[in-house]
Amino acid sequence: MNIRTRLTVLFALLVGSILLLFSLSIYYLFDQYREREFYERLRQNAVATAKLLENVEVSGITEEMLQQIEKNYMSFFKGHVTIYRPDNRILHSTDSDHEPVSLQFLEQVRNGQEIFQRQGEVETLGVRYDDNHNRRLVIVATAIDRYGFTKLQSLRDILFFSCLGSMGIVLLAGWFFAGDALKPVSHIIDQVNAISATNIYARLHVGRPKDELAKLAVTFNEMLNRLEQAFILQKNFVSHASHELRTPLTVMMGQVEVALMQNRTQAEYKQALESVLEEGNKMNKLVNGLLELARVNADAGTLSFKPVRIDEQLWQARSQLLKKNQEYRIDIEYENLPGTEEELIVMGEEALLQIAFQNLIENGCKYSKDHTLIVNLNAGVDYIQLTFIDHGYGIPPEDIPHLFEPFFRSETTSGIIGHGIGLTLTQRIISIHKGYIRVESEIGKGTCFEVTFPVRKTTPVEKSVAFELDDKP
């Protein structure tokens, strides 16, 4: 069942339920009104019959005349009136074929309770009446409200056929209403189907700004913006990666071809192999960087984080770099010593943090004239801030917004070996650790990278366990 049919059925059921409830309410209220009206008419007839009987001798009306009057009157109701003496014998009855009532019924009425009963279409009313002879009589009036039931039947037929006709109109109106309501959805579907990789720049038309469907179109457009950016980045990434990989391969192939053109000395062969090895190392480093970047982008949601001390990872990154580059000078300073060890702990993955710190430290040392970098560690209550300061060439202001784009390299670093992947990978690692990175630079004076991580909050249970462990001898 499609949405249009479902909306039509739901709309018809809703309106039909309201119509049915409305019709039943009208029918019930009219039936109650008829019953109250007929009750009053029965009561008036019962009292009138008793008064006529009481005034027979005074007015000179004979019994036969009284019966004729009552017969003409009760023929309209199709019923009769019976008057009972105090000893429960019949004093007067307009119909000899009437059904007797129970003694309990007579006693309840005689005690002052008016009783109105209904059995099918036959309605019975019992009323107490005290005549001029101080007799406590019971008047029982029984009749069928033919006129009232006829009107009730007519009302029932009118309501029934009106509901049927209304449901047909409701179904038709609901079908057109659902179609009109879903027309913008169909328009959005057509626009979405028309968007592909060749025209990913296309956007959905936004209708009325306060419409929910317009908000849906805006959401689609925002998603398309992200997809377009990812598509462009991927396209640029593949283009740059193929170019960066082609360059060392070309150099390696050229070196090998030159070496094979003629016989050479052992020293010349060694020099050629060393050149090929150097290019191979460059290519290997580039491939490893690409693999790390792809892993971080693809598996960010599946990384296993655990409590990690930032200062330990920083010192380990420093130690690893000094082993490979002894000319580097890396100073780590504590700007604000933490009061407890917990203030240096974040939730993260050690291997990724090592990569990020090594990239930042190596860039600072590599692009400094004296290969010196200063790292300031500032531990706050809710955050840990690391500042990487070098005194190198600096970065032009127009290049700073592009620093974290894959394969981007500033003109000031054109003479230094690199591929432009490190900062992109570093920013991604810091981002998945809920941190952020900020850059400040001045040409000729140096660059400052400021990295901030949120501190891991220790739960009360962990604090109590740590306190107990510290107290043990």
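Start by selecting strands S1 (80-84) and S5 (136-144). They run antiparallel and are joined by 5 bridges. This is a predicted model. Zoom in on tyrosine 84: valine 138 of S5 stands opposite.

**Along S5**

Keep S5 on screen and add strand S4, residues 122-130. This pair is antiparallel too, with 9 bridges between S4 and S5. Pick valine 127 and look across to isoleucine 139 in S5. Then follow the hairpin of S4 and S5, which has 5 residues between the strands. Stop at asparagine 134, where phi is positive, near 60°. Now colour S5 by accessibility. Of its 9 residues, 8 are buried.

**Glutamate 123**

Stay on S4 and select glutamate 123. Is glutamate 123 buried or exposed? Its relative accessible area is 0%; buried means under 20%, so glutamate 123 is buried. Show side chains here. A polar contact of 3.0 Å links glutamate 123 to arginine 34, side chain to side chain. Expand the selection to what glutamate 123 touches beyond four places in sequence: the set includes Phe38, Leu42, Phe116, Asp145 and Phe149.

**Helix H4**

Next, select helix H4, residues 103-110. Phe105, Leu106, Val109 and Arg110 are its buried residues. Look down the helix axis. The buried residues fall within an arc of 130°, so they line one face of H4. Turn to the other side of H4 to find Leu103 and Gln104, both exposed. What do the buried residues of H4 pack against? Their partners are S1, strand S3 (115-119), S4 and S5. Just past the end of H4, click glycine 112, which has a positive phi of about 105°.

**The nonpolar cores**

Now move to Leu386 and Phe388. Within the largest nonpolar core, which has 33 residues, these two touch the most other members. Several elements each supply at least two residues of this core, among them helix H8 (310-324), helix H9 (350-366), strand S9 (368-379) and strand S10 (383-392). Highlight H9, which gives the most, with 5 residues. In soluble globular proteins, nonpolar side chains tend to be buried together.

Centre on leucine 386. Outside four places in sequence, its contacts include Ile310, Leu314, Phe357, Leu377, Phe449, Val451 and Phe453. Polar residues appear in the list as well, including Asn376 and Glu450.

For the last stop, select Ala50, Val81, Val127 and Ile139. They are among the 13 residues of another core, which lies apart from the largest one. Val127 and Ile139 are the facing pair from S4 and S5 visited earlier.

How values were computed: Residues numbered from 1 in each chain as written. Predicted model: local features only at pLDDT ≥ 70, side-chain atom pairs only at ≥ 80, totals over all residues. Heavy atoms only, no water. Helix = DSSP H or I, 4+ residues; strand = E, 2+ residues; numbered from the N terminus. Buried < 20%, exposed > 50% of the residue type's maximum accessible area, 1.4 Å probe, protein only. Polar contact = N/O pair within 3.5 Å; in protein donor to acceptor, adjacent residues only side chain to side chain. Contact = heavy atoms within 4.5 Å. Core = buried A, V, L, I, M, F, W, Y, C linked by side-chain atoms within 4.5 Å. Arc of directions from axis to C-beta. Pairing = 2+ DSSP bridges.
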